[in-house]
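Biologist: Could you take me through this fold, one term at a time? I'd like to hear the reasoning behind each label.

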Amino acid sequence: MEFLFSSFTAITWQQVVMIALGILLILLAIVKKTEPALLLPMGFGAILVNLPFSAVNSTEGAVGIIDWLFEFGINASEMMPLLLFIGIGAMIDFGPLLANPKLFIFGAMAQFGIFATIAIAAACGFDIADAASIGILGAADGPTAIFVATKLGSKYLGPIMVAAYSYMALVPIIQPAVIKMLTTKKERAIEMQYNPQSVSKATKIAFPILVTIVAGLLAPMSVALVGFLMFGNLIRECGVLNNLSETAQNALSNLITLLLGITIASQMKAENFLQVDTLLIMSFGLLAFVFDTMSGVIAAKVFNLFSKTKINPMIGAAGISAFPMSARVVAKMGTKENPQNYLLMHSIGCNVSGQIASAIAGGLVLSLVSAI
């Protein structure tokens, strides 16, 4: 009874705030259905790590389970984000992109926010390793952000992890506002029909192999990210590992996402999270995400100036790496503006292009910082 009373008296207002935040994330996941696979474990984990004397936290005599997951699954080996990339690769069909290679442009351009935010963060006084780790949030890709921040040894890994997955989950809220700010109703209603073009099985098998080789030669530091993503895709396309492909797409991806979500909570302890720097990093992450969305849309609008066949500029926003959330958002907006429109496959092509581009961008950032 005395111990129970001490638990109630030991709780701080900061822990109460973090527990309330955890409950909010759970409500968003259940009530609003906002990326429940991410927000629900993050929210529940935030409650676990902020309870006084919680056994999931490390003490002098023992390592807590969530701290152990963070140390060995992320900090020491980057195992979880890389394994998740195999699952993501197995989900991706590069057919729409291979059938319409110009979509590569929008995936590449939508990474502008990464480098712009690195420059801004560095100008604000962050050292180059931390600035680069913050800037990579613009990829809107949790595994890439975790991988880069861990490799660079950023002291802000915790808030970067939380920001990366928070903004991935908030794609349906953030992107529509940015898209509407940059486009007219007429532009959003531009009709694009999807005419499926056959892409040979040999091309689909060769593509992940060639991308890995080219990316490895251009940006060797990207090999782990690009290689695991392409390995997952090769499992999908080879045609002889169907059971493994299904496992990677479903069981592996779901399990790693679940573990990542609750492991991220290790960095949501009140004493570490409720800091001015954390709020600043969350702001920079939002800035990078908005910049990337803007650059994708603007690239599509510029493309229309020189092309007889107009494209709907909204698909440029899907060039970020948040797969498949961003593609779904763009497709839904397209149908709302013009019920005859069919943007899903076009936006999917941009989205998978963004997956490749963000992984390569992560490798380039690592290479550039290492060279400084």
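What follows is a chat about salt bridges, burial and a helix crossing in this predicted model.

Biologist: What makes Lys269 and Asp67 a salt bridge?

Modeller: The rule asks for a side-chain nitrogen of Lys or Arg within 4 Å of a carboxyl oxygen of Asp or Glu. The closest N and O atoms of Lys269 and Asp67 are 2.9 Å apart, so the pair fits the rule. By that rule the count comes to nine salt bridges.

Biologist: And where do Lys269 and Asp67 sit in the chain?

Modeller: Lys269 is in the loop between α16 (242-264) and α17 (270-273), while Asp67 belongs to helix α4 (residues 65-75). They are 202 residues apart, so this pair links distant parts of the chain. Both Lys269 and Asp67 are buried, too.

Biologist: Okay, next pair. How do you know that Lys185 and Glu337 form a salt bridge?

Modeller: Same kind of check: their closest N and O atoms are 2.9 Å apart, and the cut-off is 4 Å. Lys185 is in helix α13 (residues 185-188) and Glu337 in helix α19 (residues 325-337), 152 residues apart.

Biologist: Why is Lys185 called exposed?

Modeller: Exposed means over 50% relative accessible area. Lys185 has 56%, so the label fits.

Biologist: Then why does Glu337 count as buried?

Modeller: Buried means under 20%, and Glu337 has a relative accessibility of 16%, so it counts as buried.

Biologist: What else does Glu337 pair with?

Modeller: Arg188, with the closest N and O atoms 3.0 Å apart. Glu337 lies in helix α19 and Arg188 in helix α13, so this salt bridge ties together parts that are 149 residues apart in sequence. Arg188 is buried, as Glu337 is. Elsewhere, Asp127, Asp130 and Lys155 are linked in a network of salt bridges.

Biologist: Let's turn to helices. How do α3 and α16 cross?

Modeller: The axes of helix α3 (residues 36-49) and α16 come within 7 Å and cross at roughly 35°. The crossing is right-handed.

Biologist: Which residues make the contact between α3 and α16?

Modeller: On α3 they are Ala37, Leu38, Pro41, Met42, Gly45 and Leu48. On α16 they are Thr257, Leu258, Gly261, Ile262 and Ile264.

Biologist: How do these contact residues divide into nonpolar, polar and charged?

Modeller: Eight are nonpolar, three are polar and none is charged. Gly counts as polar here, so Gly45 and Gly261 of the contact go into the polar group.

Note on methods: Residues are numbered from 1 along each chain as its sequence is written. This is a predicted model: local features need pLDDT of at least 70, side-chain atom pairs count only at pLDDT 80 or more; totals for chains, interfaces and linings use all residues. Side-chain values use heavy atoms; hydrogens and water are left out. Helices (H or I, at least four residues) and strands (E, at least two) are DSSP runs, numbered from the N terminus. Buried means under 20% relative accessible area, exposed over 50%, partly exposed in between (1.4 Å probe, protein chains only). Axes are lines fitted to C-alpha atoms, for helices over the stretch in contact, and angles run from 0 to 180 degrees between N-to-C directions. A crossing is left-handed if the near helix is turned anticlockwise from the far one by less than a right angle, and right-handed if clockwise. Contact means heavy atoms within 4.5 Å.
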